[in-house]
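Reader: Please present the structure, and then let us discuss its sheets, helix packing and enclosed spaces in turn.

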Amino acid sequence: MVKVPSQLVGLLLLCCLAAAAMAEPKVKYKDPNQPIGVRIRDLMKRMTLEEKIGQMTQIDRTAATPEVMKKYSIGSILSGGGSVPKVHATAEEWIEMVNGFQHGSLSTRLGIPLIYGIDAVHGNNNIYKATIFPHNIGLGATRDPDLVKKIGAATALEVRATGITYVFAPCIAVCRDPRWGRCYESYSEDPKIVQAMTEIIPGLQGDVPANSRKGVPYVGGKDKVAACAKHFVGDGGTIRGINENNTIIDWHGLLSIHMPAYYNSIIKGVATVMVSYSSWNGVKMHDNYELITGFLKNNLKFRGFVISDWQGIDKITSPPGANYTYSVQAGIHAGIDMVSDFLIRSHEGRGVILKLGNLVPCEPSVDVPLLYGWIMTPFNHSEFIDTLTDLVKKNVIPMSRIDDAVSRILRVKFSMGLFEDPLTDLSVVTHLGAQPHRDLAREAVRKSLVLLKNGENADPPLLPLPKKADKILVAGTHANNLGNQCGGWTITWQGLQGNNLTAGTTIFSAISAAIDPSTELVLHENPDTEFVKSGNFSYAVVVVGEPPYAEGYGDNLNLTIPEPGPSTITNVCTNIKCVVVLISGRPLLIQPYLPFIEALVAAWLPGSEGQGVADVLFGDYGFTGKLPHTWFKTVEQLPMNFGDDHYDPLFPLGFGLTTKPVVAE
């Protein structure tokens, strides 16, 4: 036998492998040098119907496992409000979870990566120790699109720091009635202000290249995320501000008030658009072919994907899920590309709720909120896949509609670079709650504050406050309560009260740090008149407002300041000079208290960086904010917006007194 040298054997083997590799045609959809359109077409011709419908499905993390991702080729996972790996989960734990799901997706036949979404509506607000920026109503008061763009960029970094690549933001609703519980998610009642604030989209996604085609989604790198303009369309115009209700307005009004910010969002390359729960002139938006397909996709040339809201297609019928097959048919026909399906249906037609890991039966008509510890989950997530598959096979839904949806979803995933970089490494975790982001949030708080009153005409202004005084009283339920100042959509869906929810600085702590060390500072949440009179206080800072809330639970027909806020204002401000700092997601009934309030500040929902409030109260910076919403006198005037014939506000849109910074001696 002839003995062949081992080196020669190795060389021959290497040559054979190289020849085999050269002979094998390169898979185009895996080649980043190919145009995105070529990659989409190449991948889609390889996909089965089941794989395509899997891409159109979004499930909550509570229903996801690597095995589920692989079996159904699921296209997306989300964390709903409060849906977390564990309480106070770290960035590392978030990354481990998301990467685990991604490994499941990558192990499928075609290796299509998932896109993971989260409601990062004022920072990465579901995540413990993330920077919590002011809610949109406060950002609208800044009138500063460049600042909002920086906030978008900072938010993108903090979202990426947890392995997440997709945010359900910004909300570009035009709130026309403050009785709506989502009014704080709106930048303004003025569509022009909302249009300007769409600069947050290039902050989140990156600036669209100069040669990019209109409507094509763009996400520029591993430090950016896919954004979502929501809620299409007219969500801020419902009757009496009732959430998910009917917006009655003619075509011209819809185009001139509620639609303009979508033009800007599409031009700026927004990746996705979320459909509104609400109706337009009686037609559910999730069932509105003319607006979703006819106008958004065909007229405006939007080429990203359209996603349903949470349980949105179920709510096409009343009660939700009453005719699920019809809901799927109607929603997909209307032009919805990806479905977040969260009504839970068992084979008996009864609902299921996941409560801290335990399944509890309920009637299907019961609409159970997602609260801290309660998660509505797509427990039977295969039903959407089975239902849509059956509709396609029966030719009720044409294959062309499925291909349109999947091509849009793949376009976003390719544009994000997910096929090249699907996993997250731990090097990014330092971005979460980073000091530069907290400094940016503090700046945003300063610029969002609106000074509504500062002394009477004959009296000297109270603000800015002197840092050196004998004794200062700080009063009110919101003075030393981080949860109250952050509002809803913070850690959980409806928000939390207290100081243990996340990291941040309360307004009281900020005041304590701002004043002269020789000044005595007294905190009393709800002092009585005798305490105030006998305290020998130089002046008082009263911080009151609304408790945290989100959609549905925040709808309010009277808009009064909750007790003990009015009592605190009366007890304090009728006896000593006071400034009232109002923490709220909208204008509230304040006129009865104005005569004995020396100074009044609308601070909205400032978020985690309470130092920004103290910065301006004590004159390190001046007041510059302007009202993003009309401030009414009585709720009987509502709805009342700038330009209405009956316009008679307490403070008009754009009102805001100014002060100059105090020059330090």
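Author: This is a predicted model, in which local features need pLDDT of at least 70 and side-chain atom pairs count only at pLDDT 80 or more, while totals for chains, interfaces and linings use all residues. Residues are numbered from 1 along each chain as its sequence is written, and side-chain values use heavy atoms, without hydrogens and water.

Reader: Which strands stand at the edges of the open sheet of three strands?

Author: Strands are DSSP runs of E with at least two residues, helices are runs of H or I with at least four, and both are numbered from the N terminus. Two strands pair if DSSP finds at least two bridges between them. The sheet is open and parallel, in the order 5-7-10. One side of each edge strand is left without a neighbour in the sheet, because each has a single partner strand; these are strand 5 (228–232) and strand 10 (305–307).

Reader: Which residue of strand 10 stands opposite Val-273?

Author: Strand 7 (residues 272–275) runs parallel to strand 10, and three bridges join them. Opposite Val-273 stands Val-306.

Reader: At what angle does helix 11 run to strand 5?

Author: Axes are lines fitted to C-alpha atoms, for helices over the stretch in contact, and angles run from 0 to 180 degrees between N-to-C directions. Contact means heavy atoms within 4.5 Å. Helix 11 (residues 260–267) lies across strand 5 and strand 7, and its angle to strand 5 is about 155°.

Reader: How are helix 10 and helix 11 oriented to each other?

Author: The axes of helix 10 (residues 251–258) and helix 11 come within 4 Å and cross at roughly 50°. Leu-255, Ser-256, Ile-257 and His-258 in helix 10 meet Pro-260, Tyr-262 and Tyr-263 in helix 11. Angles under 35 degrees count as roughly parallel, over 145 as roughly antiparallel, 65 to 115 as roughly perpendicular and the rest as oblique. The two helices, helix 10 and helix 11, are therefore oblique.

Reader: Which strands stand at the edges of the sheet with the order 4-3-2-1-11?

Author: This open sheet has five strands with parallel pairing. Within the sheet, strand 2 (residues 76–79) and strand 3 (residues 115–118) pair over four bridges, and Ile-77 has Tyr-116 as its bridge partner. Each edge strand has a single partner strand, so one side is left without a neighbour; the edges are strand 4 (166–167) and strand 11 (339–340).

Reader: Which helix supplies the largest share of the lining of the largest cavity?

Author: On a 1 Å grid over the protein atoms alone, a cavity is a set of points where a 1.4 Å probe fits but cannot get out; a pocket is an open set with protein on both sides within 12 Å along at least five of seven lines, and lining residues have an atom within 4 Å of a point. The largest cavity has a volume of about 100 Å³, where grid points are joined across faces, edges and corners and a volume is the space filled by probe spheres set on the points. Among its 17 lining residues, Ala-120, Val-121, His-122, Asn-136 and Ile-200 are the closest to its centre. The largest share, three residues, comes from helix 7.

Reader: What is the volume of the second largest pocket?

Author: The second largest pocket is lined by 15 residues, with Arg-176, Gly-237, Ile-248, Pro-639 and Asn-641 nearest its centre. Its volume is about 290 Å³.
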